[in-house]
Amino acid sequence: MEEKRNILINDCNFMGQKPIMMDLPYPPIKVQERNLAYANLLSIDYCGAVSELSAITQYINNENRVSCENCPLAKTLLGIAMAEMMHLQKLGELIVLLGGNVDFTAKFRDGRRKMWSPEYLNIPEQVKGMLLADIEAEKAAINQYEAHIKLIKDDCVNAVLARIIKDEEYHIMLLRALMN
């Protein structure tokens, strides 16, 4: 007797998906001088609890979970994740130029070091909860970038952080629109 199997297919096609970000150029990736303290601050933005690495992972997880039922939402989440990947890449380049090391360890001013962990993620089950968690994460990132801009006295670094903030604000606007 032949056994019949149900084949499940995710037919959401991500081919050609582009990063979702403001249509503005990024400033050149350069620093005024090496500064390990600034590199360490950026390491928190790179891979701390509130970080680009956390954002990428949270968006990809959400995209994976909704792609079978809501392809347009999944494509938007993937596009935002791709923008966050570009932020991670730019932060990594700045960290290296500043004399730091990109090793997925956030280095705090009090000497603590904490390797990135999936425990940082907020992964609600329902779509509305996912979007709310993503909005809150974007707001937290903006607040952290603004705090770091006040501490960093390098106009080159701060110009990149200010440009990243514009993308994060755009993401909040998109996520709010998706909530409605």
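Helices here are DSSP runs of H or I with at least four residues, strands are runs of E with at least two, and both are numbered from the N terminus. With that settled, Phe-104 sits in the loop between α3 and β1 (105–107).

A word on ground rules. This is a predicted model, where local features need pLDDT of at least 70 and side-chain atom pairs count only at pLDDT 80 or more, while totals for chains, interfaces and linings use all residues. Residues are numbered from 1 along each chain as its sequence is written, and side-chain values use heavy atoms, with hydrogens and water left out.

**Overall layout**

The protein has five helices and two strands, running in the order α-α-α-β-β-α-α along the sequence. Its C-alpha trace spans about 70 × 35 × 25 Å along the principal axes. Of the 180 residues, 45% are buried (under 20% relative accessible area; exposed is over 50%, partly exposed in between, with a 1.4 Å probe and protein chains only). Take contacts (heavy atoms within 4.5 Å) between residues at least 6 apart in sequence: 80% of them join residues at least 24 apart. The accessible surface (Shrake-Rupley method, 1.4 Å probe) comes to about 10200 Å², and carbon and sulfur atoms account for 55% of that.

**The core**

Nonpolar side chains tend to be buried together in soluble globular proteins. Here the largest nonpolar core (buried Ala, Val, Leu, Ile, Met, Phe, Trp, Tyr and Cys residues joined through side-chain atoms within 4.5 Å) has 46 residues, and Leu-42 and Val-157 have the most contacts inside it. The elements giving two or more residues to this core are α1 (36–47), α2 (52–66), α3 (71–97), α4 and α5. The largest share, 10 residues, comes from α3. Leaving aside residues up to four places away in sequence, Leu-42 touches Leu-91, Leu-94, Ile-95, Leu-98, Ile-152, Val-157 and Leu-161.

**Charges and salt bridges**

There are 20 positive and 24 negative charges, and their mean positions are 3 Å apart. Lys and Arg count as positive, Asp and Glu as negative, with His and the chain ends not counted; each charge is placed at NZ of Lys, CZ of Arg, CG of Asp or CD of Glu. The whole structure holds six salt bridges (a side-chain nitrogen of Lys or Arg within 4 Å of a carboxyl oxygen of Asp or Glu). Among them are these:

| Pair | Closest N to O distance |
|---|---|
| Arg-112 and Asp-110 | 2.9 Å |
| Lys-139 and Glu-136 | 3.5 Å |
| Arg-163 and Asp-167 | 2.7 Å |

Arg-163 and Asp-167 are four residues apart in helix α5 (residues 155–179), so about one helical turn separates them. Both Arg-163 and Asp-167 are buried. Elsewhere, bridges that share partners tie Asp-103, Lys-107 and Arg-113 into one network.

Lys-139 and Glu-136 lie three residues apart in helix α4 (residues 127–151), again about one helical turn. Lys-139 is partly exposed at 31% relative accessible area, and Glu-136 is partly exposed at 45%. As for the remaining pair in the table, Arg-112 is partly exposed at 46%, whereas Asp-110 counts as exposed at 55%.

**Back to Phe-104**

Most residues other than glycine have a negative phi. Phe-104 goes the other way: it is not a glycine, yet its phi is positive, about 60°. At 39% relative accessibility, Phe-104 counts as partly exposed.
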